[in-house]
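Student: Could you take a close look with me at one part of this model, the one you find most rewarding to follow, and show me how its pieces connect with the rest?

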Amino acid sequence: MPGTREWRRTIGASLRPNDEQRLRAGRRDGPPATLAFDSRPLLNDREERPNAMKTTLRLVLLMSLLAGFGCAKKEGAAAPADDHAGHGHSSGHAHQPLMGGMLVELGEHQFNLELKYDPVRGVLQAWVLDGHAENFVRVSMGLFDIQEAGGAQRTITLRAVGNPMTGEKPGDTSAFEGEARWLGDVAHFDGIVKALKVRDLEFRGIEFHLHPKG
Ligand SMILES: [Zn+2]
């Protein structure tokens, strides 16, 4: 790992012009933001131009933001602007969410919690699923909390919701939701499920990383 100063110069000198635009445009449209490095020799101090400096500063700021939201730290320091494709199971066998959200494993393949942000209603939705994410699991708890890890440590309280189609009702449902309009402004969310009771098992302090915008 080169020193910070040298690293900044490396990034600034090797950024292609449209990479920065893609990074600033975010991930919503088009391909994930990734940094492309080329093999041109690095500029030395004398060749460094003023606009290259500006690019460097903006990029360093962007990288700090990304790192601050915790993506890089979970996926290795070698890829500071990774596209997050590695989120999820790393053990080799993957499960598909049932509702188009993201799965958070509870215990060792015991259960899953699927999380999905609904930007229209501004609510975070959650469903309790079985160990292979194939079936909904009804639980008796009435609510549970998710806390933002770091930052303002905001709390989202998710309450049991019923569904006339399935006959589920609070106290006997797999579905929960909580108001969290502010999640719509967040690209990367590190959260902690404070405590969950599923059947006779209790799960505490489950950390996850969610992209509310999908
Ligand atoms: Zn992320």
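Tutor: Gladly; let's begin with contacts, meaning pairs of residues whose C-beta atoms, placed from the backbone, lie within 7 Å. Among contacts in the protein chain between residues at least 6 apart in sequence, 50% join residues at least 24 apart. This is a predicted model, in which local features need pLDDT of at least 70 and side-chain atom pairs count only at pLDDT 80 or more, while totals for chains, interfaces and linings use all residues. Residues are numbered from 1 along each chain as its sequence is written.

The chain has four helices and eight strands, and the helices come before the strands along the sequence, in the pattern α-α-α-α-β-β-β-β-β-β-β-β. Both kinds of element are DSSP runs numbered from the N terminus, helices being H or I over at least four residues and strands E over at least two. The part I would pick is the sheet. Its eight strands form an open sheet in the order 1-2-3-6-5-4-7-8, with antiparallel pairing; two strands count as paired if DSSP finds at least two bridges between them. Strand 1 (102–106) and strand 8 (201–210) stand at the edges with a single partner strand each, so each has one side without a neighbour in the sheet. From one strand to the next, the twist averages 25°, where axes are lines fitted to C-alpha atoms (for helices, over the stretch in contact) and angles run from 0 to 180 degrees between N-to-C directions.

Now walk across the sheet from strand 1. Strand 1 runs antiparallel to strand 2, and five bridges join the two; Leu103 stands opposite Glu114 of strand 2. These two strands form a hairpin with four residues between them, and Gly107 in the turn has a positive phi of about 70°. The next step is a hairpin too: four residues separate strand 2 from strand 3, and here Gly122 in the turn has a positive phi of about 70°. Eight bridges hold this antiparallel pair together, with Tyr117 having Leu124 of strand 3 as its bridge partner.

Strand 2 deserves a pause. A residue is buried if 20 or more other C-beta atoms lie within 10 Å of its own, exposed if 12 or fewer, and partly exposed in between, with C-beta atoms placed from the backbone. Six of the eight residues of strand 2 are buried, so this strand is largely enclosed by the rest of the structure. Over the 214 residues of the chain, buried residues make up 20%.

Strand 3 (residues 123–130) also pairs with strand 6 (residues 175–179), antiparallel and over five bridges, and there Leu124 stands opposite Gly178. Further along, strand 5 (residues 155–160) is joined to strand 4 (residues 143–148) by five bridges, again antiparallel, with Ile146 opposite Ile156. Six residues lie between the two strands of this hairpin, and Gly150 in its turn has a positive phi of about 80°. Strand 4 then pairs with strand 7 (residues 189–198) over three antiparallel bridges, one bridge pair being Gln147 and Ile192.

What do these strands build together? Nonpolar side chains tend to be buried together in soluble globular proteins. A nonpolar core here is a set of buried Ala, Val, Leu, Ile, Met, Phe, Trp, Tyr and Cys residues joined through C-beta atoms within 7 Å. The largest one has 30 residues, and Leu113, Leu115, Leu124, Ala126, Val128 and Leu158 touch the most other members. Strands 1 to 7 each supply at least two residues of this core, and strand 3 gives the largest share, six residues.

Two of those residues show how the core links the strands. Leaving aside neighbours within four places in sequence, Leu113 is in contact with Val104, Leu106, Ala126, Val128, Val193 and Leu196. Leu158, in strand 5, counts as buried because it has 24 C-beta neighbours inside 10 Å. Beyond four places in sequence, the contacts of Leu158 include Leu124, Ala126, Ile146, Phe176 and Gly178. Its C-alpha atom is 7.7 Å from that of Gln125, 33 residues away along the chain.

A word on confidence to finish: pLDDT, the predictor's confidence in each residue from 0 to 100, has a mean of 76 over the chain, and 57% of residues reach 70 or more. It stays under 50 over residues 25–37, for which the model has 19 contacts beyond four places in sequence.

Conventions:
Two residues are in contact if their C-beta atoms, placed from the backbone, lie within 7 Å.
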